[in-house]
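Trainee: Could we zoom in on one part of this protein and go through it slowly? I'd like to see how a single piece sits among its surroundings before I try to take in the rest.

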Amino acid sequence: MSAEKRRVGRPSKAAVRADQILDAFTRCVARFGLEGATLQHVADEAGLARGHIRHYVGNRDELRDLFEQRIISRFTDRATALASQSAAGRNAEALVHYFFGDELAPDDDSAAIDALLAAARFDDDLRERIRAVYANLEKILATALAEDHPGRPATVYENAAYQVLALAYGHWTFTEMGFPPARNAPALDLALRVVKGVADTPNKAGP
C-alpha cells in the first residue's frame, strides 16, 4: 500500500494535537471554571509545552472560541443527524432517547457546559450563543414532531419540544447533584408521554 493511500482518512498531526488540547481545556474548565482554566493548566493537563498550545490552537481567546464551538456543535450536530436518519414517524422518539441517553450523561463536557452557563450570566454575547443552541435544539425537535404527526397546530409542537428539553435539562442537572441513575427511566417515560400527547392531539383538519 502506498504512503498516499495510508494517509487517506488519517487525521493530521495538527488535528490530533488540537483535539488533545481541546480535551485538556475541557477538563480544565470542568475543574477550574472558564476563567480559571489558564494556558499553563491546559499545557500541564495535555502534557505539552505552552508553546505547543499557541502553535496548534492559538492564544487563550482562540482556544476558548474553539472550545465553545466544539461543545455547542456536538449536541446540535448529533441531534440533526438523528432526526434525519431515524425511521419514518419515529424521529421525535429517537431524539427523546438521545436527550435522555448515555451520550448526555454527566461527564467532563457536562461540567464544562455548567461553567459556560455560569460565565454566560456576565457575558451577554455568550448567553445569546448558548440560548441560540437550545433554541435550535427546540426547533429540531419541534420539526421532528411535525414530521411524525403532521396537521397539529404549530404551538403543539413548540410546547412539546420545550417540555422535553426542560425535562432533559432538569433531569441531568439533578443527576449531577447526586440523584440516582434509576431516575432516568421515569424521566424518559415522562418525555415520551409528551410525544404521545402530540400524537393524540386532534388534527387541525378534523377526522
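Which residues of H3 are buried?

Mentor: Happy to go slowly. Keep in mind that what you have on screen is a predicted model. In it, the buried residues of H3 are Leu-39, Val-42, Ala-43 and Ala-46. Now imagine looking down the helix axis: these residues cover an arc of only 100 degrees around it, so they end up on the same side of H3.

What's on top of that side, then? The cover for the buried residues of H3 includes helix H2 (13-32), H4 and helix H5 (60-85).

Let's take H4 out of that group and see how it meets H3. H3 spans residues 39-46 and H4 spans residues 50-57. They pack at an angle of about 95 degrees, and their axes are 8 Å apart. Anything from 65 to 115 degrees counts as roughly perpendicular, so H3 is roughly perpendicular to H4. If you want to find the residues that do the touching, look on H3 for Leu-39, Gln-40, Val-42 and Ala-43, and on H4 for Arg-50, Ile-53 and Arg-54. Sort the residues of this contact by type and you get four nonpolar, one polar and two charged. Leu-39, Val-42 and Ala-43 turn up both among the buried residues of H3 and in its contact with H4.

Between the two helices, have a look at Gly-47. Gly-47 follows H3, and its phi is positive, near 75 degrees.

Ala-46 deserves a stop of its own. This residue is found in H3, and its relative accessible area is 11%. The cut-off for buried is under 20%, which is why Ala-46 counts as buried. Leaving out residues up to four places away in sequence, Ala-46 touches Gln-20 and Ala-24. You can also try a distance here: Ala-46 and Arg-60 are 14 residues apart along the chain, and their C-alpha atoms are separated by 15 Å.

With that picture in hand, pull back a little. The chain has 10 helices and zero strands. Of its 207 residues, 37% are buried. Its C-alpha atoms fill a box of roughly 70 × 50 × 35 Å along the principal axes. Among contacts between residues at least 6 apart in sequence, 68% join residues at least 24 apart.

Helix H10 lets you practise what you just did with H3. H10 runs over residues 184-200, 17 residues in total, and reaches 24 Å from its first C-alpha to its last, close to the 24 Å expected at 1.5 Å a residue. Its buried residues are Asn-184, Ala-187, Leu-188, Ala-191, Val-194, Val-195 and Val-198. They cover an arc of only 110 degrees around the axis, so they sit on the same side of H10. Turn to the other side and you'll meet Arg-193 and Lys-196, which are exposed. As for partners, the buried residues of H10 pack against helix H6 (91-99), helix H8 (124-148) and helix H9 (154-176).

Two residues help you explore that neighbourhood. One is His-149, in the loop between H8 and H9. At a relative accessible area of 16%, His-149 is buried even though it lies in a loop. Setting aside neighbours within four places in sequence, it is in contact with Tyr-157, Val-195, Val-198 and Ala-199. You've just met Val-195 and Val-198 among the buried residues of H10.

The other is Leu-141, which belongs to H8. Leu-141 is buried, with a relative accessible area of 0%. With neighbours within four places in sequence left aside, its contacts are Ala-92, Leu-95, Phe-99, Ala-161 and Val-164.

For contrast, finish with Pro-106, in the loop between H6 and helix H7 (108-120). At 36% relative accessibility, Pro-106 counts as partly exposed. Pro-106 touches Trp-172, Thr-175 and Glu-176, not counting residues up to four places away in sequence. Take Glu-176 from that list: Pro-106 and Glu-176 are 70 residues apart in sequence, yet 6.2 Å apart in space, C-alpha to C-alpha.

Notes
Residues numbered from 1 in each chain as written. Predicted model: local features only at pLDDT ≥ 70, side-chain atom pairs only at ≥ 80, totals over all residues. Heavy atoms only, no water. Helix = DSSP H or I, 4+ residues; strand = E, 2+ residues; numbered from the N terminus. Expected span 1.5 Å × (residues − 1). Buried < 20%, exposed > 50% of the residue type's maximum accessible area, 1.4 Å probe, protein only. Arc of directions from axis to C-beta. Contact = heavy atoms within 4.5 Å. Axes fitted to C-alpha atoms, helices over the stretch in contact; angles between N-to-C directions. Parallel < 35°, antiparallel > 145°, perpendicular 65-115°, else oblique. Nonpolar A, V, L, I, M, F, W, Y, C, P; charged D, E, K, R; others polar.
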